[in-house]
Amino acid sequence: MNPAFETYIHSLAGRDVTVIGAGVSNSPLIRMLCSAGAHVTVRDRNSALPREEWDNIGVGLRLGANYLDRVGGDVVFRTPGMRPDHPALDSARAGGSRVTSEMEEFFALCPCPIYGVTGSDGKTTTTSLIADMLAEGGRTVHLGGNIGTPLLTRVGEMSPLDVCAVELSSFQLMDMKRSPHVAVITNLSPNHLDWHRDMDEYIAAKRRLLDFQNANDFAVLNSDNPATALLRGRGQSKYFGVHTVHDGIIDGLLPISDIRLPGWYNVENVMAAVAAVRGTVSDEAILETVRNFVGVEHRNQWIATVGSVHYYNNSIGSSPARTIATLHSHEGRVLLIAGGRDKKVPFDEMAKLLPDHVKVLLLIGEAAGQIEEEVRRLPSCPPIVRCEGLAEAVSQAHKLAVPGDTVLLSPACTAFDQYRNFEERGRHFVNLVESLQRSEGKE
């Protein structure tokens with residue numbers, strides 16, 4: 001076992017530890033803390049949380065509307081979706097608690113180099129590409145972070161010769177005090193302004209990926225994005241962008257035609273990954289990875305062709321900027337399914353693109369009215385169909401589409417009005433399309 005992690009585990013014995021949030025990503029953490037002999041209290045808003053599995057391992061539960069009353073203990077683990085300056089956490093600090101997070105503890109204990117990736121768009125694809133390139137180059141890679149795999153519980157099995165590829169959200173970064181050896185910021189655009197106070201705070205949170213680097217570290221930044229082009233690392237800064245492309249070849253190495261992912265934004269994701277790992281693994285490993293990489297679930301993912309109509313799942317498209325990028329990646333005009341819970345980010349820039357990119361707009365969720373209001377201001381507004389939910393939207397799209405059309409789920413909103421997360425929304429869309437396949441016969 002990693003000696004530092006072993007010492008850490010022993011230090012938890014007999015300590016009072018609070019974990020805020022009992023979601024799937026926190027379950028391994030809770031079990032690890034219990035195994036270490038900590039007295040664990042889990043606090044969660046969900047009063048209907050199943051108690052039996054936690055009762056069986058001695059976890060105390062504080063559930064329901066008052067779950068944050070009198071938060072305390074020796075250590076408090078903040079869930080990423082909770083602001084670090086929440087009054088309950090300030091009160092816990094005042095009472096002597098050490099407030100931390102799974103990711104902060106992981107960075108402190110990780111024995112190997114970390115490739116950290118953040119940005120408004122492209123985080124998961126870029127992180128996955130980096131992990132695959134490093135693995136193709138013969139390294140043992142641990143992939144996780146905001147992608148969904150908790151890494152703290154796996155630190156004990158990591159070696160200094162391994163590497164970690166970690167996706168990081170602004171929520172996770174906001175109170176981080178360490179930076180990765182290689183820090184990648186894919187791009188920055190307005191996002192999560194329903195959570196952050198303003199754009200300045202959002203950029204500051206992302207910037208923390210760089211703030212604690214040293215002269216031996218690397219920052220990989222997008223020179224074509226106005227916000228990231230202004231950033232600098234504390235060590236060496238590498239900039240990717242159109243300036244690295246000559247005669248259709250990136251960095252004299254990779255023909256753009258070898259990239260199997262659609263859209264220029266995916267070319268940028270590949271550029272970022274190449275810049276992050278080149279010199280660490282062979283060029284052959286980079287080329288082999290890119291030529292075989294077909295994308296990540298819920299990210300402009302082709303699902304099926306039904307009745308000569310193509311269905312794509314971009315449920316990750318939870319902001320207007322993501323939807324704009326995805327629309328640009330499709331030729332012709334699509335039947336776009338959009339809507340959900342807005343992030344307090346305006347829809348005006350997205351709306352301007354719709355006449356040229358959208359044949360029919362099918363709207364769902366809480367923000368349907370806001371999007372429709374913005375789109376109807378256009379002189380050439382595409383037809384709009386309001387739907388009760390995703391099932392009706394898919395059904396309507398199936399009726400309206402003709403052979404050769406594309407139906408695209410790219411909501412420009414979060415899923416939280418009707419789903420637990422964008423993955424659940426995406427899986428529902430996939431299931432609905434698969435039902436169409438079964439009723440019409442697969443092509």
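**Entry 1: the five-stranded sheet**

I began in strand E2, where I found that Thr-41 is the bridge partner of Thr-18. The two strands involved are E1 (residues 16–20) and E2 (residues 39–44), and I noted that they pair in the parallel sense over five bridges. I had to remind myself that strands (E, at least two residues) and helices (H or I, at least four residues) are DSSP runs, numbered from the N terminus, and that two strands pair if DSSP finds at least two bridges between them.

Before going on I wrote down that this is a predicted model, in which local features need pLDDT of at least 70 and side-chain atom pairs count only at pLDDT 80 or more, while totals for chains, interfaces and linings use all residues. Residues are numbered from 1 along each chain as its sequence is written, and side-chain values use heavy atoms, with hydrogens and water left out.

E1 and E2 belong to an open sheet of five strands in the order E3-E2-E1-E4-E5, with parallel pairing. Its edge strands are E3 (60–63) and E5 (98–100), each of which pairs on one side only. From one strand to the next the twist averages 20 degrees, where axes are lines fitted to C-alpha atoms, for helices over the stretch in contact, and angles run from 0 to 180 degrees between N-to-C directions.

**Entry 2: the six-stranded sheet and its helices**

Next I followed an open sheet of six strands, again with parallel pairing, in the order E7-E8-E6-E9-E10-E11. Here the edge strands are E7 (141–145) and E11 (236–240), each pairing on one side only. Within the sheet, E6 (residues 114–118) and E9 (residues 182–185) run parallel and are joined by four bridges, and Gly-116 stands opposite Ala-183 in E9. Helix H6 packs on this sheet and touches E6, E7, E8 (163–167) and E9, its direction making about 170 degrees with that of E8; contact here means heavy atoms within 4.5 Å. Helix H8 (residues 199–211) lies across E6, E9 and E10 (218–222), and runs at about 155 degrees to E9.

**Entry 3: H6 against H10**

I then asked at what angle H6 and H10 pack. H6 (residues 123–136) and H10 (residues 264–277) pack at an angle of about 40 degrees, with their axes 9 Å apart, and they are therefore oblique to each other. By the cut-offs, angles under 35 degrees are roughly parallel, over 145 roughly antiparallel, 65 to 115 roughly perpendicular, and the rest oblique. Among the residues that meet are Leu-129 and Met-133 in H6, and Val-270 and Ala-273 in H10.

**Entry 4: strand E17**

Last, I looked up why E17 is described as largely enclosed. All five of its residues (334–338) are buried, so E17 is largely enclosed by the rest of the structure; buried means under 20% relative accessible area, exposed over 50%, and partly exposed in between (1.4 Å probe, protein chains only). In a regular strand the side chains alternate between the two faces of the sheet. In E17, Val-334, Leu-336 and Ala-338 are buried on one side, and Leu-335 and Ile-337 on the other.

E17 pairs in the parallel sense with E18 (residues 358–363) over five bridges, and Ala-338 has Leu-363 of E18 as its bridge partner. With E20 (residues 406–409), E17 pairs in the parallel sense over three bridges, and there Leu-336 stands opposite Leu-408.
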